[in-house]
Structures are given as structure tokens and as C-alpha cells.
Amino acid sequence: MAFQLPELNYKYDALEPYIDAQTMEIHHTKHHSTYTDKLNGAVKGTADEGKSIEDLLKDVSNKSIAIRNNGGGFYNHNFFWEILGPSKGMPSGEFLKAIETAFGSFDAFKVEFANAATTRFGSGWAWLIKQSDGSLTVTSTPNQDNPIMDISVVTGVPLLALDVWEHAYYLKYQNRRPEYIDAFWNVVNWTKVEDNFKRG
Amino acid sequence: MKFELPQLPYAADALEPYISKKTIEYHYGKHHQTYINKLNDLLPGSDFEKCDLDTIVKKGHNGIFNNGAQVWNHTFYFSSLSPNGGGKPKGKIAQLIEDNFGTFEKFQEIFTKAATTLFGSGWVWLVQKDDGSLEVLKASNADNPLRNGHKPLLTIDVWEHAYYLDYQNRRPDYIDGFWKLINWDVVESRL
Ligand SMILES: [Fe+2]
Ligand SMILES: [Fe+2]
């Protein structure tokens, strides 16, 4: 079955004023949708048709650049829409403990994550991931690469992600990426992030 | 040495309707200016403190390279454009394009395809190589052909900030507009 553009669990204006409805709509119906179509085009009629997106990306070193770019774009946006939402919950329990162990405090984690997002030069993503030894770390990836790809320097299970391609914020924030990153903290669905931690 | 934002060779609204005044105000006034400010912040105490911009672009690394090359690239890009631009090149540059690509239309097709398909942020360049031949090159992020010893003749900025306010995800429409703004006299003068 071909990859499908997922529906969002909230309306395009649900993240206002932090992320505007116009940005959400274009991001979902144009950018994400184009990655989905191009990914389908890249696997169609090949041995990769029918494989899960995770299986494709974990073995991306053996795949075409079209699968790396568009498969990454498909997966990353799927993930991003899920950890966004009208703000819900706060890190607690084992998850909060893991954050404190890795970064010292929740606030120190936010500083490190924001720094990764601010300093990623060009297009890319910032991530909070759970590594194979169970510890948490912050990393960033260029373009549509991500930490489940075997080509990434730092790999692990994604818990939280932030899109810092200019298309993610330009209509509202233009060159002010740090303001977009500040605003992001108001629209994180921590219940979902903690769920990623428990399952990861 | 302190670098300064060069004057734009036209008014901020001069490239309308292809590139809006608002885009120029951010692109030139904010992005270009910020690269200059960051470069000036990074230079004191570095190996490049007394270097000219070409040397920084050719030999720099990390933040000094990224910001220095972005200063160079934007100055070059903005000066490649003109409200009286567009059309077909004449003279020596026209001849070289025909010699290397067959026809101007074929060159246009190759350059447009490179600009459309460059993934992520970056630049597409028309360069002249050591042997005199022309080539179209894709370059990610801040990359610049001087690092490979080529002579840059023309560039298009395909970072999303170059077109997002005017065209959003429709990069091909921005590229169409770019062709109507190229100052071919300036391109020829770079040979
Ligand atoms: Fe995106
Ligand atoms: Fe730019």
C-alpha cells in the first residue's frame, strides 16, 4: 500500500498564535504532501515497494537519495505533527528523571535543545532521542535526515523533534528563528513525547 | 577588518513583481546584514582577522566560512539582478553559453533543473573553469565555487528565505521570475 499523508489530530489554527494556521496548512498540504508523493514515486515498482518507512530509513545507506530525502521528509513530518498540539502535560516520572540525569534539569534540557535548533545551519531538524543504552541526548540533522537513519552520526529513538527548515516558520517569524523556537515550547504535546519515551 | 553591508544597486521595490519589496527588505536588510554581523563578531582573534573576503571564502571553516561565504554569495546574487534585466545574453557570454550548452534555452533548462532539484538550502552557480569552459553546479548551504578554483559568473539563492514570502513552496515560480531579472552585462563583466 502506498504511503498516505496523515490527517492532523487538531485544526490548522489550533497552534495559534505560536504557529499560524497558514503555515500549518501549507506545511501539511504542500510540503509534507510532496514528500509523500515523491516517496511513493521513488519506491514504486522497486523491491522497496511495500516496506515500512522505518525499515527503509534504518537501511537508508543502501537506498537512493530520493528515498533518503523524501522518506525522511515523510517520516519527520508524520512525527512532528504528533508531538505538536495544544500544549498537553509536562514531563513527569521516569521520563523527567531521565531528562534530569542527561541534562541536569528540564530547563537545562530546553536550553540545549534550543541551541541545537538555533545553530543547525541551513535546513534541518533538532531532536531529543533515546539512545540504545537508554540515555537521552539532543542532536540535530541536516535536511530531512533523522536519527533512525543508519547514516546518522547520532542514532536513537526520536522522542521530540523541531523542524527548522525556513518553511516551518518564515511566514510568521521570517529571519527570527529563535522566536519560533521559543514559541514551540507552548505547543508541545508532552503526553505524546512521554509515550514515545516509554515505548522507545 | 570590519565588513559592511554593500549598497543594493537598485531600490528595494525595483524587482517587483518577481521579488517583492518585503522579501528584499528581509533578505538584504536582515539575512545579509546578519551574516555580516556574525562574521564581524567571529573574526577578531581568529586566523582570518586580517584576510579579505575571498580568502575567507576559499580557506575558512565552520562559522567563519558559513557567514563569510553567505556574505560573498548574497553580494554576488543581489548584484546579478536588475529591474532592467532578463532576456537573452549578448556578446561574449552568449557565445560561451552556446559553445558549452548548445543553445541558451538548453542552458536555461539545465540551470533551472539544478535550482529546482537542489534539496534543502543552497545555491546554483554558473561557473567558468580553468580551461575556460562553463558549468552549472549545485552547492549546499553556504558553499561557493571559489573553493574549487572555479570562477563564479551567476548564482541563484534557493534558500527558502529567498522566495517564501512571495512564492511559499512554489520554488519553480521564483526561478521563472529570476530569469526576468538577470543582469547579463554584469555576468559578462565577470568573465
Ligand atoms: Fe517541514
Ligand atoms: Fe539568501
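Helices are DSSP runs of H or I with at least four residues, and they are numbered from the N terminus. With that numbering in hand, a good place to enter this predicted model is the loop between helix 6 (170-173) and helix 7 (177-184) of chain A, where A:Gln174 is found. This residue has a positive phi of about 50 degrees, although A:Gln174 is not a glycine.

A further backbone feature of chain A appears in the segment before helix 1 (21-43), which holds A:Pro17. The peptide bond that joins A:Glu16 and A:Pro17 is cis, and its omega is about 0 degrees. Chain B also offers a cis peptide bond to look for, this one running from B:Glu16 to B:Pro17 with omega near 5 degrees. B:Pro17 has its place in the segment before helix 1 of chain B.

The sheet of chain A comes next. Three strands form an open sheet in chain A, with the order 2-1-3 and antiparallel pairing. The edges are taken by strand 2 (136-142) and strand 3 (157-163) of chain A; each has a single partner strand, so one side of each is left without a neighbour in the sheet. On average, neighbouring strands of this sheet are turned by 25 degrees against each other, direction ignored. Strand 1 (residues 124-130) of chain A runs antiparallel to strand 2 of chain A, and seven bridges join the two. To find this pairing in the structure, one may look for A:Trp125, which stands opposite A:Thr141 in strand 2 of chain A. Helix 3 (residues 65-83) of chain A packs on the sheet and touches strand 1 and strand 3 of chain A. The direction of this helix makes about 90 degrees with that of strand 3 of chain A.

Chain B can be read in a similar order. Its open sheet has three strands in the order 2-1-3, paired antiparallel. Strand 2 (134-140) and strand 3 (151-157) of chain B stand at the edges with a single partner strand each, and one side of each is therefore left without a neighbour in the sheet. From one strand to the next, the twist averages 25 degrees. Between strand 1 (residues 122-128) and strand 2 of chain B, which run antiparallel, there are seven bridges. Here B:Val124 stands opposite B:Lys138 in strand 2 of chain B. Helix 3 of chain B lies across strand 1 and strand 3 of chain B, running at about 85 degrees to strand 3 of chain B.

The two chains also meet each other. Their contact takes 18 residues from chain B and 18 residues from chain A. Between them, chain B and chain A bury about 1800 Å², 61% of it on carbon and sulfur atoms. Within chain B, the residues that lose the most area to chain A are B:Phe119, B:Glu160 and B:Tyr164, which together account for 38% of what that side buries. Zero salt bridges are counted between chain B and chain A, while seven residue pairs are in polar contact, with both residues at pLDDT 80 or more.

Several helices contribute to the side of chain B that touches chain A: helix 1 (21-42), helix 3 (62-78) and helix 6 (164-167) of chain B each supply at least two residues. Helix 1 of chain B gives the largest share of that side, with four residues. By residue type, the side of chain B that touches chain A divides into seven nonpolar, nine polar and two charged residues.

Definitions and conventions. Residues numbered from 1 in each chain as written. Chains lettered and ligands numbered in written order. Predicted model: local features only at pLDDT ≥ 70, side-chain atom pairs only at ≥ 80, totals over all residues. Heavy atoms only, no water. Pairing = 2+ DSSP bridges. Axes fitted to C-alpha atoms, helices over the stretch in contact; angles between N-to-C directions. Contact = heavy atoms within 4.5 Å. Buried area = accessible area lost by both parts, 1.4 Å probe. Salt bridge = Lys/Arg side-chain N within 4 Å of Asp/Glu carboxyl O. Polar contact = N/O pair within 3.5 Å; in protein donor to acceptor, adjacent residues only side chain to side chain. Nonpolar A, V, L, I, M, F, W, Y, C, P; charged D, E, K, R; others polar.
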